[in-house]
Each structure stands twice: as C-alpha cells, then as structure tokens.
Amino acid sequence: MRAAPSLAVLAALMLGTTTAQAADLFFSPEPMQQSTGWIVTVKGNLRVGPSYPGSDEFSFIGYPSLSFRRAGTVERFSAPDDGLSFSFLEDSAVRVGVVGRFVGGRYYQDNRELFGLEKIDWAVEPGVFVEYWPLDFLRARAEIRRGFGGHEGFVADFGLDAVQRFGAFTVSVGPRLALGDSEFMQTYFGVTPAEAALNGRVTPYRPSGGITSVGATGAISYDWSQQWSTTAFVTYKRLVGDAADSPIVKRFGSENQFGAGLTISYSFGYTP
C-alpha cells in the first residue's frame with residue numbers, strides 16, 4: 001500500500017468545505033441547543049481504496065473537511081460515498097443541488113507494470129444531484145458529473161440506502177450503480193496502439209460508454225454526544241462490461257474494488 005499524493009490531500013481539502021442543510025428528524029440526533037447562528041462541524045477523514053480505477057493495490061488518503069448548518073436544525077443523513085454537495089431545493093422528501101468529487105490520478109509509481117501507459121492526472125468532477133425519500137427509512141440519490149483535469153468525460157452514480165437509527169447508532173446499507181461515457185472509459189480503461197507497443201503486455205483496446213460498476217456501501221455511525229460522532233464504512237464495487245474487459249484490469253488489476261474509511265466529527269455553535 002502507498003500513501004496518496006499530497007496534491008490529492010490538498011484537493012480533497014478544497015472540496016471538503018460544504019454546507020449541510022436541515023434534515024429529517026427521524027434519522028438524526030436532537031439538534032444542539034442553540035437557537036441562533038450556525039452549527040459548525042469539523043471532520044477528520046481517513047480513507048483507503050484502489051490506487052486508481054481498476055487497480056488491485058491500495059492507497060491511503062487523510063484530509064479534514066468542514067460543514068455548516070443553521071442552529072436549531074439537525075444534520076441531514078449523508079452516505080460516506082456521497083459527493084460533497086450543496087442543496088438549492090429541499091423539503092421533507094426531495095433535495096436538489098450541486099455536487100463535486102475528486103478523483104485521484106494514475107501514475108507510473110502506482111505500478112511499475114504500467115510502463116508505457118499514459119499518465120492520468122487527478123480530476124475534479126462538478127455536477128448536480130437529486131435525492132428523494134420515498135419512505136421514511138429509504139433514500140434514493142443520483143449524481144451526474146463532468147470531469148475536468150485527468151478526464152473530460154461524463155459520469156453518473158445511482159444509489160439506494162436503507163437507513164435506520166438505534167439509539168445513538170445510525171446504520172445504513174444499499175446498492176450502487178456507476179456509469180461512464182466513452183471519454184471516461186477510454187481514459188481509465190482504454191489502451192492505444194502506441195501504449196500497447198511500449199508496454200508489451202497489453203493489447204490495444206477501445207471501450208464504449210455504459211455501466212462501469214455495480215456494488216454496495218454500508219456504514220455505521222455512533223453519536224458520543226451532541227458534539228462528537230464517529231462513522232465507519234466499507235464499500236465494494238464490481239467492475240462490469242467494457243471496464244471489466246480492459247486489458248489494464250485483467251493484466252495488472254482486479255474487477256473487485258474494495259474501500260473503507262473512518263470519520264471523526266466535532267460540532268460546535270457559532271454566532272457571528
């Protein structure tokens with residue numbers, strides 16, 4: 001395992017500042033006893049996952065993040081693999097807004113077997129999201145984003161989470177589906193004839209857009225107090241279709257993509 005580049009930590013920190021909105025009381029602890037101003041939540045995040053899409057090696061990344069919500073409200077449920085989001089429209093069942101994600105790059109030092117394959121820089125993916133609660137315990141979420149930097153394609157993520165609170169514990173679990181267009185697929189899973197000739201172990205490959213992975217995410221949170229909470233989670237993605245058939249995955253990586261993480265949160269009141 002290797003540590004993620006410092007640039008990834010910086011980008012994650014830049015994306016980590018977002019605004020949390022009011023939430024359904026059923027899934028959140030009682031709001032902090034403050035009627036005016038804001039509730040500020042500071043988080044320390046540690047995550048481990050594939051070094052690049054399709055890799056069978058892992059990288060660690062640690063970064064802080066910050067969120068705000070109005071005093072007297074509770075923090076809305078958020079799955080650990082949600083993009084960082086800010087909502088413009090929100091009621092008891094529907095939430096719509098903007099979202100962003102950071103995607104790490106693929107570098108020669110990630111795997112010496114990648115010799116000859118083009119380096120992929122890190123990317124940011126701004127976009128929009130829609131969230132809907134058809135039932136009190138069930139959340140559906142969709143994100144559509146466009147890459148800038150390492151890739152210039154469009155991607156989409158769909159998820160369904162069953163959420164239940166047991167005292168100080170909140171448990172969530174649900175399936176995931178990811179899609180990418182041909183530009184995204186060619187960047188991470190394609191091989192040009194020149195790359196194949198230089199590497200010598202892979203053949204030219206041009207994937208089409210479509211479903212890239214299916215999987216699931218599970219998380220458990222514990223509220224130690226109104227100020228402190230901890231969340232642990234695991235993720236699993238199974239590459240499918242043209243992504244799974246990529247010679248990069250078959251020769252150097254794995255179709256099975258695992259991830260895990262831990263977040264520690266501290267909330268406090270602030271009145272300007």
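**A surface patch and a pocket**

Ile264 lies in strand β14, and in this predicted model that residue offers a convenient place to begin. With a relative accessible area of 41%, Ile264 counts as partly exposed, because that class covers values between 20% and 50%. Ile264 also belongs to a nonpolar patch on the surface, which it forms together with Leu46, Phe60, Trp224, Trp228, Leu262 and Tyr266. Taken together, the residues of this patch have about 720 Å² of accessible area. Strand β14, which runs over residues 256–270, gives the most to the nonpolar patch, contributing three residues.

From the patch, the reader may turn to the largest pocket, in which about 160 Å³ of space lies. Its lining includes Arg106, Glu118, Lys119, Ile120 and Asp121, and further along the chain Gly149, Gly150, Gln186, Thr187, Gly190, Thr192 and Glu195 also line this pocket. Sorted by class, the lining of the largest pocket holds six polar residues and five charged ones, along with one nonpolar residue.

Among the lining residues, Gly149 can be followed a little further. Gly149 lies in strand β9, which spans residues 148–149, and with a relative accessible area of 48% Gly149 is partly exposed, since a residue counts as exposed only over 50%. Along the chain, Gly149 and Gly105 are 44 residues apart, while in the model a distance of 9.6 Å separates their C-alpha atoms.

Terms used
Residues numbered from 1 in each chain as written. Predicted model: local features only at pLDDT ≥ 70, side-chain atom pairs only at ≥ 80, totals over all residues. Heavy atoms only, no water. Patch = residues over 30% accessible without salt bridge, like charges linked within 9 Å, V, L, I, M, F, W, Y side chains within 5 Å. Areas by Shrake-Rupley, 256 points an atom, 1.4 Å probe, with all protein chains shown as cover. Salt bridge = Lys/Arg side-chain N within 4 Å of Asp/Glu carboxyl O. Helix = DSSP H or I, 4+ residues; strand = E, 2+ residues; numbered from the N terminus. Buried < 20%, exposed > 50% of the residue type's maximum accessible area, 1.4 Å probe, protein only. 1 Å grid on protein atoms, 1.4 Å probe; cavity = no way out; pocket = protein on both sides within 12 Å on 5 of 7 lines; lining within 4 Å. Points joined across faces, edges and corners; volume = space filled by probe spheres on them. Nonpolar A, V, L, I, M, F, W, Y, C, P; charged D, E, K, R; others polar.
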